[in-house]
Amino acid sequence: MAEPLSLTFAGGDLLQAGEMAPGDLSIAAGRVSGTRGPIVDARGYLILPGIIDLHGDGFERHLAPRRGAQLNVADGLPAVEAELASSGITTAMLAQFYSWEGGMRGPDFARRVASAVAGFDTRMDLRLQLRVEIGLREAFGDILALIDHTRIGYVVLNDHLPHDKLAQGKRPPRLTGQALKSGRSPEAHLALMQRLSSEMPLAEAALPGFTEALAARGCRIGSHDDPTPEIRARYRALGASIAEFPETRAAAEAAKAAGEPVIMGAPNVVRGNSHSGKVAATELIDAGLVDALVSDYHYAAIHRAALRLWDAGMPLAQAWALISSGPARIMGWTDRGRLLPGQRADLVVVDAQSRRIEATISAGHVTHLTGGFAARMVGAQRCG
């Protein structure tokens, strides 16, 4: 791998120490530095901390361009890396299911993705978030072995079984389509769902031991789509201290009252509401209940959400913190999320007029470069 850049970005509007101000930023040896290097004219640009995305599943389209047309996972990762970089993301967690749902959400595919990510040579920080369906109690041991083998550090607990429909003896919605994705017949898929739902008391009895084992490995644990304060309390008791996409304001308020971080989806902000009729992220942000935004299903939405909040009157430093220092704080990462001396040289360069991301730099390495800023970078390197 090439040596990291040694440069000084001069005259840009710099987000540093919690405020925007004109200034210079130097990087060297992969860190924000106090030593000046060759000058890059950054006038007319915003210099912002690299984006930290704690939950994104937009990578799936690169690994399976069509249903059933799965690529070699490793072959698809360069395209994932390129999309992440063009979206200003310097640290990314790919949100991969380990689920009874099968297909790209199944255990076999999860193992393939985890191994590919662990062995992928990338200049950004690419990691895996494992989304575990809690009904898979028989797989808890295998999941722990996978975590040990691939060094997964963030696990989110999900329960996508339609318990009410199954208890009523009704056919769950979209059963046939889900069965096709899993490679099962609708009858076999329904039978599996019925068995797992009926055995949920056994899974719940096994969960405390599973989450204790996760915590012993240093994993951060979250829960997904908490609908009520009671459900949030249930997961809290299991050690899941991160509330990912709470469905209601009451659930978000319960998490914050307990000192737990709340994560919401950036597409929800860009749309102005939830596509599935849940609580609007902007409502929770306005109430001071959100600690981080994530890309969810669309990587490009994450920086657009911060800019949308800025347009709505929030200071840019506060809006950008939701996609930089906020996520870093949730994960306990003290080496990124801010442009301070000694921090990783993770930064995003945005044209102040067009708001287009023209450069992304991860640990001092260029991962995305385009537009007028590309010419300035090339000129600086020639002069240096």
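# Lys278, helix 2 and the ring pairs

User: In this predicted model, where is the place of Lys278?

Analyst: Two helices frame the answer: helix 11 (266-271) and helix 12 (281-286). The place of Lys278 is in the loop between helix 11 and helix 12.

User: Is Lys278 buried, partly exposed or exposed?

Analyst: The relative accessibility of Lys278 is 35%. Buried means under 20%, and exposed means over 50%. Lys278 therefore counts as partly exposed.

User: Which residue forms a salt bridge with Lys278?

Analyst: Side chains of opposite charge can pair when their charged atoms come close. For Lys278, the closest N and O atoms of the salt bridge are 3.1 Å apart. The side chains also count as a polar contact, at 3.1 Å. The partner of Lys278 is Glu247.

User: How many residues apart are Lys278 and Glu247?

Analyst: The salt bridge joins Lys278 and Glu247. Lys278 is in the loop between helix 11 and helix 12, while Glu247 is in the loop between strand 11 (242-244) and helix 10 (249-257). The pair links distant parts of the chain, 31 residues apart.

User: Is Glu247 buried or exposed?

Analyst: Glu247 has a relative accessible area of 18%. The cut-off for buried is under 20%. So Glu247 is buried.

User: What distance separates the C-alpha atoms of Lys278 and Phe245?

Analyst: Along the chain, Lys278 and Phe245 are 33 residues apart. In space, their C-alpha atoms are separated by 9.3 Å.

User: Which residue forms a salt bridge with Asp291?

Analyst: The closest N and O atoms of this salt bridge are 3.0 Å apart. Asp291 lies in the loop between helix 12 and strand 13 (292-294), and its partner is in helix 10, 35 residues apart. Asp291 is partly exposed at 22%, and the partner counts as partly exposed at 28%. That partner is Lys256.

User: How many salt bridges does the structure hold, and which residues are linked with Asp125 in a network?

Analyst: The structure holds 23 salt bridges. In one of them, the side chains of Asp125 and Arg127 meet at 2.9 Å, N to O. Asp125 is buried at 14% relative accessible area, whereas Arg127 counts as partly exposed at 28%. The residues linked with Asp125 in the network are Arg127, Asp335 and Arg336.

User: Over which ring does the charged end of Arg336 sit?

Analyst: Arg336 belongs to the salt-bridge network with Asp125. Its charged end is also 5.0 Å from the centre of a ring. Elsewhere, Arg234 lies over the face of Tyr235, at 5.2 Å from the ring centre. For Arg336, the ring is that of Trp333.

User: What kind of aromatic pair do Phe9 and Phe373 form?

Analyst: A search of the whole structure finds three aromatic pairs. In this one, the rings are 6.1 Å apart centre to centre, with 25° between the planes. Phe9 is in strand 1 (residues 7-16) and Phe373 in helix 16 (residues 371-383), 364 residues apart. Planes under 30 degrees apart count as stacked, so the pair is stacked.

User: Which residue forms an edge-to-face pair with Tyr45?

Analyst: The ring centres are 4.9 Å apart, and the planes are at 65°. Tyr45 lies in strand 5 (residues 45-49) and its partner in helix 16, so the pair ties together parts that are 328 residues apart in sequence. Both residues are buried. The partner is Phe373.

User: Which residues do ring pairs link into a cluster?

Analyst: Phe373 pairs with Phe9 and also with Tyr45. Phe9 and Phe373 are buried, and so is Tyr45. The cluster is Phe9, Tyr45 and Phe373.

User: How far apart are the end C-alpha atoms of helix 2?

Analyst: Helix 2 has 14 residues, 73-86. At 1.5 Å a residue, they should span 20 Å. The value in the model agrees, because the end C-alpha atoms are 20 Å apart.

User: Which residue caps the N-terminal end of helix 2?

Analyst: A side-chain oxygen of the cap lies 2.9 Å from the backbone nitrogen of Ala74. After the helix comes Gly88, with a positive phi near 85°. The N-terminal cap is Asn72.

Terms used: Residues are numbered from 1 along each chain as its sequence is written. This is a predicted model: local features need pLDDT of at least 70, side-chain atom pairs count only at pLDDT 80 or more; totals for chains, interfaces and linings use all residues. Side-chain values use heavy atoms; hydrogens and water are left out. Rings of Phe, Tyr and Trp (its six-membered ring) pair if their centres lie within 6.5 Å; planes under 30 degrees apart count as stacked, over 60 as edge-to-face and the rest as tilted. Helices (H or I, at least four residues) and strands (E, at least two) are DSSP runs, numbered from the N terminus. Buried means under 20% relative accessible area, exposed over 50%, partly exposed in between (1.4 Å probe, protein chains only). A charge sits over a ring if NZ of Lys or CZ of Arg is within 6 Å of the ring centre and within 35 degrees of the ring normal. A polar contact is a pair of N or O atoms within 3.5 Å; within protein, one must be able to donate a hydrogen and the other to accept it, and residues adjacent in sequence count only if both atoms are side-chain atoms. The expected span of a helix is 1.5 Å times one less than its number of residues. A salt bridge is a side-chain nitrogen of Lys or Arg within 4 Å of a carboxyl oxygen of Asp or Glu.
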